[in-house]
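Here are my notes on this model, point by point. Please read them with the coordinates open.

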Amino acid sequence: MDSRQLPHIPITIFTGFLGAGKTSIILSLLPLLPKDYKVVLLKNEFGDVQVDSQLAKQSSLTAVSEILNGCMCCVLVGQIETALREIRDRYRPDRIIIECSGSAFPATLAFQIRELERQTNNDLRLDAIVTVIDAENFTGYEDTSPTAKMQASYSDIILINKHEYLDDHTLDILIDNLNTLNLDTPKIKCNGRNGVDPNVLFGIDSKLVRDPIPQGIEDHHDEVKTLTAYRGFLPTCHNHEHHDRESCASHAEVDVDKGILESALASLNKESVWRVKGFVRLDSAIWILNWAFGRYDLTLFKGDTSFMRDASIRLTIMGDKYELNRKPIPVAVKKFCADLQAQVI
């Protein structure tokens with residue numbers, strides 16, 4: 001695990017469907033590493049609300065680098081080489097962790113890193129592709145997501161997260177299902193909030209993507225649509241009637257009622273809406289909201305809150321592109337926003 005004894009910088013790719021718990025697992029690794037072990041996280045976020053990156057910045061990571069929108073496994077692949085070289089030159093970390101977006105198939109990204117290995121004479125090197133599975137919801141979303149199946153099929157390690165919500169029989173069925181997709185890859189159950197021992201994940205020296213990827217397997221499955229729910233003052237409000245402008249601005253200063261928030265989240269249809277994350281103003285403070293497939297967490301945000309000065313809600317809603325692309329907006333999403341007095345922008 002101790003890459004400081006190695007002449008190169010190992011790169012670990014974390015992939016997994018929306019809400020599987022990738023960020024939480026990555027952050028849980030940090031306290032288990034030596035205090036002077038430098039890790040830089042390169043993240044690919046959906047939307048313009050940088051929730052997971054802000055959460056990561058509150059950790060002991062050496063740095064967090066962000067690539068917003070698009071997908072780093074395909075359209076943003078040119079930015080990856082630049083980002084990795086900049087991280088190497090600026091920080092010279094002991095390890096780089098790449099966290100892909102939930103709809104990314106990492107084979108093309110891994111292939112780019114293999115190319116970078118040759119270009120840098122192995123100074124940057126792929127160590128492992130780790131796929132995080134949401135045990136509670138995998139059977140549901142694998143039926144509608146080719147990417148979820150491909151992520152599980154193309155991996156050095158599969159981490160089974162949130163298994164504590166399943167009974168033994170259901171968990172056995174899930175593992176049988178994963179074995180059907182990928183028999184030879186180790187499957188490791190996460191230890192709740194404590195994640196997994198980094199010694200299990202680091203030092204793998206992946207044998208994947210040694211050769212060019214077969215034609216067609218690199219195709220990116222653009223399955224996710226994002227919407228932004230916002231409550232507060234918008235620059236376009238100058239076009240409103242005067243009373244509308246005052247109402248819009250007043251929402252920025254009013255706390256969100258937690259009971260209403262919980263009720264609104266409970267009303268979402270997790271068949272079409274898979275993830276909601278962002279920032280909400282509760283109890284005169286800014287909190288990070290992470291909701292996935294019916295469960296949510298709130299984490300107090302300790303950073304600079306000036307970006308929320310004119311808002312009380314900034315949320316990214318992610319889900320099935322066919323459902324969220326409908327006109328008008330699906331009833332469940334419309335009701336969710338109406339309950340929170342937020343608008344879709």
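**Notes on the model**

1. Asn137 sits in the loop between E5 and helix H5 (138–142). Helices (H or I, at least four residues) and strands (E, at least two) are DSSP runs, numbered from the N terminus. Asn137 is buried, at a relative accessible area of 8%. Buried means under 20% relative accessible area, exposed means over 50%, and partly exposed lies in between (1.4 Å probe, protein chains only). Asn137 and Lys270 are 133 residues apart in sequence, yet their C-alpha atoms are 9.8 Å apart in space.

2. A word on the basis. This is a predicted model, in which local features need pLDDT of at least 70, side-chain atom pairs count only at pLDDT 80 or more, and totals for chains, interfaces and linings use all residues. Residues are numbered from 1 along each chain as its sequence is written, and side-chain values use heavy atoms, with hydrogens and water left out.

3. Val224 gives another contact across the sequence. Val224 belongs to strand E8 (residues 224–232). Its relative accessibility is 9%, so Val224 counts as buried. From Val224 to Trp274 the C-alpha distance is 9.1 Å, with their positions 50 residues apart in sequence.

4. Next, the backbone. Which two residues does a cis peptide bond join? They are Lys327 and Pro328, with omega at about -5 degrees. Pro328 is in the loop between helix H11 (321–324) and helix H12 (331–339). Please look at this bond in the model.

5. Asn121 has a positive phi, near 55 degrees, and is not a glycine. Its place is the loop between helix H4 (107–119) and strand E5 (124–134). Asn121 is exposed, at 69% relative accessibility.

6. Gln341 also needs a look. Its phi is positive, about 55 degrees, although Gln341 is not a glycine. Gln341 lies in the loop between H12 and strand E13 (343–344). With a relative accessible area of 48%, Gln341 is partly exposed.

7. Now the charges. How many salt bridges does the count come to? The count is 13 salt bridges, each being a side-chain nitrogen of Lys or Arg within 4 Å of a carboxyl oxygen of Asp or Glu. Arg85 pairs with Glu81 in one salt bridge, where the closest N and O atoms are 3.2 Å apart. Arg85 and Glu81 are both in helix H3 (residues 77–91), four residues apart, or about one turn of the helix. Arg85 is partly exposed at 24% relative accessibility. Glu81 is partly exposed too, with a relative accessible area of 32%.

8. Lys335 and Asp339 form a salt bridge, with 2.8 Å between the closest N and O atoms. Both residues lie in helix H12, four residues apart, about one turn of the helix. Lys335 counts as partly exposed, at 41% relative accessibility. Asp339 is partly exposed, with a relative accessible area of 29%. Elsewhere, salt bridges that share partners link Arg88, Asp89, Arg92 and Asp123 into one network.

9. Within that network, the side chains of Arg88 and Asp89 meet in a salt bridge at 3.1 Å, N to O. Is each partner buried or exposed? Arg88 is buried, with a relative accessible area of 15%. Asp89 is exposed, with a relative accessible area of 57%.

10. Asp167, Asp168, Asp172 and Asp176 form a negative surface patch. Patches are made of residues with over 30% relative accessible area and no salt bridge; like charges are joined within 9 Å, and nonpolar side chains (Val, Leu, Ile, Met, Phe, Trp, Tyr) within 5 Å. Accessible areas come from the Shrake-Rupley method with a 1.4 Å probe, and for residues only the protein chains shown count as cover. Asp and Glu count as negative, Lys and Arg as positive; His and the chain ends are not counted. The place of a charge is NZ of Lys, CZ of Arg, CG of Asp or CD of Glu. Asp168 is in helix H7 (residues 168–181). Asp168 is exposed, at a relative accessible area of 62%.

11. Last, the cysteines. A search of the whole structure finds zero disulfides, a disulfide being a pair of cysteine sulfur atoms within 2.5 Å. Cys190 is buried, at 3% relative accessibility. Cys337 is buried, with a relative accessible area of 4%.
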